[in-house]
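Morning, everyone. I have one model to walk through, and I will keep it short. Here it is on the screen.

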Amino acid sequence: MNRFLTLLLVFFLVNSFCYQPRLWGQEKGVFTDERDGKAYATVTYSIKSKDSTITVTWMAQNLNFQMPESVCFNNDPKNCVNSGRLYTWKGAMQACPVGWSLPSDNDWYQLVELFGGINQAGRHLKAKKKVWPEGKGTNKAIFNGLPTGSADSNGFYNSNAGFFWSSTIGTVAESEASDWSFVAWSKAMRHWQGGLGIGNAVRCVKN
């Protein structure tokens, strides 16, 4: 076997074992929540795997469904209108409309990998707006991420970051759950665990 055929064989073998799913296309949409009539932008990602193409639809805005276990940042209703509500984990698990659910860690990992991995995805999920003074967003993901801040029993904090719940319970303690965030000064996406009573933003993924 000559050198060219050997290299070609190696190329195909490497690709067959190391094939990574990749973004194949994006499509904008709108979903109206029948519970209160609020409309949300959505984005559907077509993801090409080795043998097939799947589609995954995310809300492209933070949820703003009023319910117990939720607040507006700084208790200001304008913040709910602009960037959605902050939910405890218990509230977040119940907040998504029928046909949608709180994304798991696997859902978040999949999204993050489509846009450069943990070290780059933050900037591509951030909205392309002046609300991000540093580490500006490209909104390549059409995710429209905003600095929504967070809340706990001591008040509100980190208005220069966006925090989102995952449905995955914490690996260290059952009193915690996974959350995902990006901050103004970094391109990275951060994966942490937070107490269940913390108030974070909610994105829903279509079942």
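D33 is buried, at a relative accessible area of 1%. Keep in mind that this is a predicted model. What does the D33 side chain meet? It meets the side chain of R35, in a salt bridge. The N to O distance there is 2.7 Å. R35 itself counts as partly exposed, with 36% relative accessibility. So this bridge joins a buried residue, D33, to a partly exposed one, R35.

How many salt bridges are there by this rule? Two. The other pair to show you is K38 with D36. Their closest N and O atoms lie 3.2 Å apart. Are K38 and D36 buried or partly exposed? K38 is partly exposed, because its relative accessibility is 31% and the buried class stops under 20%. D36 is partly exposed too, at 30%.

Now the strands. β1 covers residues 22-32, and it pairs with β2 in the antiparallel sense. That pairing runs over ten bridges. If you want one register point, take K28: its bridge partner in β2 is V43. β1 and β2 make a hairpin, with six residues between them. Look at G37 in that turn. Its phi is positive, about 80°.

Next, the other side of the story for β2. Which strand does β2 pair with over seven bridges? That is β3, residues 53-59, again in the antiparallel sense. Here the register point is I47, which stands opposite I54 in β3. A hairpin makes this connection as well, and four residues join β2 to β3.

Last topic, the pocket. The largest pocket holds about 230 Å³ of space. Its lining takes in 17 residues. Which of them are closest to the centre? Those are Q61, N62, V81, N82 and S83. Two elements give two or more residues each to the lining: β2, residues 39-48, and α2, residues 77-83. Which element has the largest share? α2 does, with four residues. By class, the lining has seven nonpolar and seven polar residues, plus three charged ones.

To pull it together. β2 pairs with β1, it pairs with β3, and it gives residues to the lining of the largest pocket. The turn between β1 and β2 has G37 with its positive phi. And of the salt-bridge residues, D33 is the one to look at again, buried at 1% and bridged to R35.

That is the tour. Over to you for questions.

Terms used: Residues numbered from 1 in each chain as written. Predicted model: local features only at pLDDT ≥ 70, side-chain atom pairs only at ≥ 80, totals over all residues. Heavy atoms only, no water. 1 Å grid on protein atoms, 1.4 Å probe; cavity = no way out; pocket = protein on both sides within 12 Å on 5 of 7 lines; lining within 4 Å. Points joined across faces, edges and corners; volume = space filled by probe spheres on them. Nonpolar A, V, L, I, M, F, W, Y, C, P; charged D, E, K, R; others polar. Pairing = 2+ DSSP bridges. Salt bridge = Lys/Arg side-chain N within 4 Å of Asp/Glu carboxyl O. Buried < 20%, exposed > 50% of the residue type's maximum accessible area, 1.4 Å probe, protein only.
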